[in-house]
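Student: I should like to learn how to read the contacts between chains in a model. May we work through an example together?

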Amino acid sequence: MKHNLILRVIAKLLIPIIVLYALYVQFHGDFGPGGGFQAGVIFSVAFIFYALVYGIETAERVMPESVLRILASLGVLIYAGTGVATMLLGGNFLDYNVLASNPIAGQHIGILVIELGVGITVSSVMLLIFFIFAGRARQ
Amino acid sequence: MMYTAAALAILITMGLALARALLGPTVYDRILSVNMFGTKTVLLIAVFAFLSGQTDILDIALVYALINFIGVVAVLKLIEQGNFFTSGEKDEREVESE
Amino acid sequence: MVLDILSWIFLVAGGLLGIIGGIGIHRFPDFFTRLHAAGTTDTLCAALILIGLGLQSGLTLASFKLVLIFAFILFTSPTASHALANAALHGGLEPLLDDAEEEAGS
Amino acid sequence: MIETHTSLLLVVIPLLAAPVTAILPNGRLPWLLTLAVSWLCFVLAIWQFMQVMDGSVISYELGGWEPPWGIEYRIDIVNAFVALIVAGMAAVTLPYALLSVEQEIPKDRISLFYATLLLCLDGLLGIAMTGDVFNLFVFLEISSLSSYTLISMGRQRKALTASYQYLIMGTIGATFLLIGIGLIYSETGSLNMVDLNNRLPAVFEHRTVHTAFAFIVVGVGLKLAMFPLHLWLPNAYTYAPSAVTVFLAATATKVAVYVMLRMVFNVFSTGFAYVTPTDDMFLLLGVFGVVFASISAIGQKDAKRLLAYSSVAQIGYILLGIGFASALGLTAAVVHIFNHALMKAALFMAVGALVYRIGSSHITQIRGLGRQMPWTFGALVIAGLSLIGVPGTAGFISKWYLVLAAIEQQAWVIAIVILAGSLLAVIYIWKLVEALFFQPAIDDTKSVREAPLSLLVPTWILVLANIYFGLNTELTVNAATIAVQVLENIPQ
Amino acid sequence: MIDNLLNITLLAFLAITAFAIIRIRNLFAVIMLFGIYSLLSAGLFVVLDAADVAFTEAAVGAGISTVLMLATLALTKNHEEKPPAHRPWLPMIVVLVTGAALVYGTVDIPSFSDSEAPAHKHVAPRYIEEGFKETGVPNLVTAVLASYRGFDTLGEVTVIFTAGIGVLLLLGRRRGRKRGDEDNNET
Amino acid sequence: MDFIFGHYNYWIVIILMMAGFYTVISRGNLIKKITGLNIFQTSVFLLYISIGNVEGGTTPIIAEGVEQYSNPLPHVLILTAIVVGVATTALGLALVVRIREEYGTIEEEDIHKQDESL
């Protein structure tokens, strides 16, 4: 089928750009619109696109369900773990000020890390849900 | 002023596309107008970004463009194959062998 | 000043093209002609408007984003039109189209 | 360090444990972790309760931002009491869950199942702790989403439709709550409960606030299965796995009642709630709830479903307590939250033990099992007596206070309804007892033995608690009295 | 001026789409229209200055939700909704009462985009005035989301995680068996 | 006139909410119910964002030369609510898929009929 060929070529071109863009949204969220959640969704959209073009099985080989499950848990743990870390350093839960000597730097580190946690969980859960839904037809 | 004019024109086009999406009659007409509607929304946001002087908003237009694209691919895949899980070519062979 | 006038021209042309496409999808009799109306105007309309905007922003991150948006639309619109035509052509065998045709008939 | 963070740890420990549980291998390890977490939470909840027992208040600023800018955990005796119920019930339910869950849940889903259970616990504790209305919504959704999942794990396919129905109604409820929160936010600009309480009186006249109140009451009412909004509950409780039914029946509606109390009394304040016809509405819904749900319970042919309808009736009693708008009535409501958790958990555990043995709770299937399973049967009878309100059991205490409150208000009709409700309870409990003991067993179940010890021990712990709190009322009634002062905003 | 015009037009489009969704019974068309609805509301969020929300709504509503609905449709193979057997009077009454209550409630609500509304005068000014100084993040939405109300966001991540686990529990593939027997055992 | 203009947003949003709400409670098709639920929720988001809008305000991202920002708090709340919404949708759809597998239909009426015939 010809149009799949076209799609494949375009997918090869676009997917790296989309992933790059997801990273931009992830780390630029402090300055412009965006953040972990949006970046996570965009990242998962890149993979969904890949799965649509190359088939779910191929995509699942790259990102198996078990890995996604661990990643989803990991994101939550990173977020909550940041809170625990701030507690151990003597602050209240999620009080990033204690993460560095200077409160602003602490806030920066804290926000960066938790946004990362959000991004990881969101992208892996979205992918997981999509894979499960799309893969269900096989059964 | 020029942004306003562009925004108005886009709004009118969106209205026309929406009407087609509602009227149908075939599924393909609907997808066509949804796609058109999506593109126009992207443009509207882009124009609005300049209208309000906040170019950060362009990010949103970018995401729309992206989502719109993936959405169209997903819809077409679904219509052609009735599922998401196979890559197109394999499915084609399976269909033929049946 | 020259840039402003150019922007005006591009934006208005883009807007008008959009409206023409919009009218097109209402006036044409069947799906494939409608696809023609929408598919061809869509890309050009987007291109004109985005160029019009790009002329205003100059060489900044904003214009880079505009280029990216344009790239997406450039990929999207023809791919979608092409695939849509393809799907509509082959789709006669698919159950979903049957539904659609029944609906069209009713 | 732990002293200052107790209330937070109560929420964070299950939150951390849930993702860990989700990636553990299936088997007994996830259960063990969940058990450990729930007991730890129970200990923390007891500790927290001791700290606020004297009526003091703990405030914890999340993120170190002072309220109302940041989210605040504000623990007074009411929160601590509810948290104690939730954590305590989780601690009792989990030993019970081991065998029951192994039987009802596919082996390859065990770790995910316990992760969901932990999330549900976490959501309920989060609701109980928070002093911020939007944070409350978020944790409400955590607990709701996990309960939808838990309920859908029941073995019959009806569990799926029950779960779907609950999902739709629960989401409508949550969205109503969200609308209400949005409207009060537009009028006050704040989300912190204490701050809202300070700022709302200035706009009490505004219709927006009245509407917000109505939406919050309906939204929470859907969650707590307030009488005409209870349609999701019987199905959900009937088809959920036994352990889930026990846990949800003992905690979920109780926490929803707590939210109602908090919203009505501490966010909107007594003054507002009782100038509008809210109290009459609560009384009316309570009366209808007690009467209709009890009558429906009598007509049921499934033991779990019968008890589920009885739960709706019991919620009616609690609403009556709220509706009396008096210290005595509220005391009765708060005591009944606790007592009902005890007796309903015990009853569902006993029925769950029957289900464990014969795979059904239908009344024709469980006939005659009383002789073969004497301990289960005994637990059912005693907990049933408590439900009826026989002196010497916990149920008596709450009924007693409720009747006193009715007499104090000279609401004779309602006093009669309360007594009639007890009579109806006698009928439906008798229906179970008769089936279990006075009818011959069907052939299939002749060889059924007593339930295993790990099911019986938790059941009997709750049964004994029912008796203990029926004889020694000091703890519950004292706590309830202080709680009522907090709720009515009476300074100590 | 153009802001208001955009606002009003987009709202009108939204209303048209919503009614079309109620009327149309072809589920495929309903989902496509839902995609439009989501896009439109996201456009409206942009016009109402909520860039982050628009971002998320575009990615989630128009993207993920729509794709999931399509996937469900593909799995359920049900493309046409049955016409209702009887006139739904009771839902109509419920909806009218609820709507009337809301209209009653919004009579006193501060006017749209009134900068003197209490919502803008109480908690929010601190975020706008101090947010950048206290967190060093120029995007105030991120500052509030990640720092001031960081715990809400933790709850949000937990909600997503719960949904993921829930879907896995409901639809996850049986593990520990080969795909061969799976086909036989699954119904 | 001012009154209408100041409340136009809220009224349309109420109509949208009720359209969604009506779809949820009156339709028997399980997928359509979920769509209705989504519309209901999305409209509530619009209510919040309308509340947060400020005359002449801009997107709450600190920039030079901007005097008036829109209220960021409703935006944050709605970000969270959107996520909650998609989580509910995903779970609801998963349930629909399972129900279809068990009952062979996604029409409420047919499901009730099957349950009663047992």
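Tutor: We begin with a term: contact means heavy atoms within 4.5 Å. Please also keep in mind that this is a predicted model.

Student: With that definition, which chains share the most contacts?

Tutor: Twelve pairs of chains are in contact, and among these chains E and F share the most contacts. Other pairs do not meet. Chain B and chain D do not touch, and 24 Å separates their nearest C-alpha atoms. Likewise, no contact joins chain C and chain F, where the closest C-alpha atoms are 15 Å apart.

Student: How is the size of an interface expressed?

Tutor: The size is often given as the accessible area lost when the parts come together. Between chain A and chain D, about 1400 Å² is buried, and carbon and sulfur atoms give 71% of that area. On the side of chain A, the residues that lose the most area to chain D are R69(A), M87(A) and F93(A), which together account for 39% of what that side buries.

Student: How many residues does each of these two chains bring to the contact?

Tutor: Chain A provides 16 residues and chain D provides 19 residues.

Student: How many salt bridges and how many polar contacts does the rule find across this interface?

Tutor: Between chain A and chain D the rule finds zero salt bridges. For polar contact, the rule finds six residue pairs across this interface, both residues being at pLDDT 80 or more. Helix α4 (residues 65–88) of chain A supplies ten residues, the largest share of the side of chain A that touches chain D. By type, the residues of that side are nine nonpolar, five polar and two charged.

Student: What should one keep in mind where pLDDT is low?

Tutor: Where pLDDT is low, the predicted coordinates should not be read in detail. Chain C offers an example: its mean pLDDT is 77, and 85% of its residues reach 70 or more. Among the elements of chain C, helix α1 (residues 2–27) has the highest mean pLDDT, 87, and helix α4 (residues 95–105) the lowest, 44. Residues 93–106 of chain C have pLDDT below 50, and this stretch has 18 contacts in the model beyond near neighbours in sequence.

Student: Is P78(C) buried, partly exposed or exposed?

Tutor: Partly exposed lies between 20% and 50% relative accessible area. P78(C) counts as partly exposed because its relative accessibility is 39%. This residue is found in helix α3 (residues 61–90) of chain C. P78(C) and G39(C) are 39 residues apart in sequence, yet their C-alpha atoms are 6.8 Å apart in space.

Terms used:
Residues numbered from 1 in each chain as written. Chains lettered and ligands numbered in written order. Predicted model: local features only at pLDDT ≥ 70, side-chain atom pairs only at ≥ 80, totals over all residues. Heavy atoms only, no water. Buried area = accessible area lost by both parts, 1.4 Å probe. Salt bridge = Lys/Arg side-chain N within 4 Å of Asp/Glu carboxyl O. Polar contact = N/O pair within 3.5 Å; in protein donor to acceptor, adjacent residues only side chain to side chain. Helix = DSSP H or I, 4+ residues; strand = E, 2+ residues; numbered from the N terminus. Nonpolar A, V, L, I, M, F, W, Y, C, P; charged D, E, K, R; others polar. pLDDT = per-residue confidence, 0-100. Buried < 20%, exposed > 50% of the residue type's maximum accessible area, 1.4 Å probe, protein only.
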